[in-house]
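Student: Please examine one part of this model closely: the pairing of its strands and the charged side chains placed on and around them. A connected account would be appreciated.

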Amino acid sequence: MTFDGFPDEGLVFYEGLEADNSKAYWTAHRAGYEAHVRAPITALVEELADEFGTAKVFRPYRDVRFSHDKTPYKTHQGAVVNPEGRGAGAWYVQISADGLTVSGGCWRLESDQVARYRRAVADPLQGPRLEQEVTRLRGAGWEIEGDRLVRVPAGFSADDARLDLLKHKTLHATQRWTPEDWLHTRAAVDRVRDAWRDLQPLNDWFAANVGATTKEPRRR
């Protein structure tokens, strides 16, 4: 399938799902979801695969086992690229009624990865490199987000350089675009491609300094 943009029908689908997050709505509109949401985002990430790697297109169903929110369906469709063996540092794209979101970095780190992240931030060579990249991204319109400690992390002091970065447990850069005419055209794939290229240095820093976890996978 060729990517020709995100149809307006897909955004309308999510507006309806936000109002009625039920199995009845989902069943009645599933064909529209498949045609106007899942098919376009799959085509988009397939077009970008040669440059960034194969994407995982997420399931539309929420995992409600450990959540107070028992609504069964996600009100957005996301896809992530995290090439095997790279470890930390991934690219993300999401479509919803609010428009298009692109992001890069880390959304979840195990304790051993957090420890390596903080050692790298404190390092006199690698720390300034991340700081400079975060500053550059902010200047280019990216929002720097992630889970952060309120207090100074153990083993560091309030006088440490780059304390703000040291407090992060995860870190990612995000841009969000509200729906405009270009979203329904091939211009959308160019936006995502350019944004992901802009995120390459951040993801390379994470891959080189944080890498994959060495912990055994958690069992539930």
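Tutor: A residue is called buried under 20% relative accessible area, exposed over 50% and partly exposed in between, with a 1.4 Å probe and protein chains only as cover. This is a predicted model, in which local features need pLDDT of at least 70 and side-chain atom pairs pLDDT 80 or more, while totals for chains, interfaces and linings use all residues. Residues are numbered from 1 along each chain as its sequence is written, and side-chain values use heavy atoms, with hydrogens and water left out.

Strand 6 serves as the starting point. Strand 6 spans residues 171-177, and because 6 of its 7 residues are buried, the strand is largely enclosed by the rest of the structure. (Strands, E runs of at least two residues, and helices, H or I runs of at least four, are taken from DSSP and numbered from the N terminus.) Strand 6 has an antiparallel partner in strand 4 (residues 99-106), to which 7 bridges join it; two strands count as paired if DSSP finds at least two bridges between them. Within this pairing, His-172 of strand 6 stands opposite Gly-105. Strand 5 also pairs with strand 6, again in the antiparallel sense, over 3 bridges. There, Thr-174 of strand 6 has Glu-143 opposite.

Glu-143 also takes part in a side-chain contact with strand 6. The side chain of Glu-143 meets that of Arg-176 in a salt bridge, at 3.3 Å from N to O. Arg-176 belongs to strand 6 and Glu-143 to strand 5 (residues 143-145), so the contact ties together parts that are 33 residues apart in sequence. A salt bridge here is a side-chain nitrogen of Lys or Arg within 4 Å of a carboxyl oxygen of Asp or Glu. The two partners are both partly exposed, Arg-176 with a relative accessible area of 46% and Glu-143 with 39%.

The loops beside these strands deserve separate mention. The loop between strand 5 and helix 5 (163-166) contains Arg-162. Although Arg-162 is not a glycine, its phi is positive, at about 60 degrees. Its relative accessible area is 16%, and therefore Arg-162 counts as buried. On the other side of strand 6, the loop leading from that strand to helix 6 (187-209) holds Asp-181. Asp-181 counts as exposed, because its relative accessibility is 67%. The C-alpha atom of Asp-181 lies 9.4 Å from that of Asp-8, although the two residues are 173 apart along the chain.

Strands 1 to 3 provide further pairings. Strand 2 (residues 76-81) is mostly covered, with 5 of its 6 residues buried. Strand 1 (residues 55-57) runs antiparallel to strand 2 and is joined to it by 3 bridges; in that pairing, Ala-79 of strand 2 has Val-57 opposite. Strand 2 is joined by 6 bridges to strand 3 (residues 90-96), also in antiparallel fashion. One of the positions in this pairing is Val-81, whose bridge partner in strand 3 is Trp-91.

The charged pairs may now be considered beyond the strands. Side chains of opposite charge can pair when their charged atoms come close. By the distance rule stated above, the model has 13 salt bridges. One of them links Glu-34 with Arg-30, whose closest N and O atoms are 3.5 Å apart. Both residues lie in helix 2 (residues 23-52), where a spacing of 4 residues means that they are separated by about one helical turn. Glu-34 is partly exposed at 32% relative accessibility, and Arg-30 is partly exposed at 35%.

Another salt bridge is formed by Arg-108 and Glu-110, at 3.8 Å from N to O. Here the partners fall into opposite classes: Arg-108 is exposed, at 57% relative accessibility, whereas Glu-110 is buried, at 17%. Finally, Glu-133, Arg-136 and Asp-198 are linked in a network of salt bridges.

In review, strand 6 is largely enclosed and is paired in the antiparallel sense with strand 4 through 7 bridges and with strand 5 through 3 bridges. The salt bridge of Arg-176 and Glu-143 accompanies the second of these pairings.
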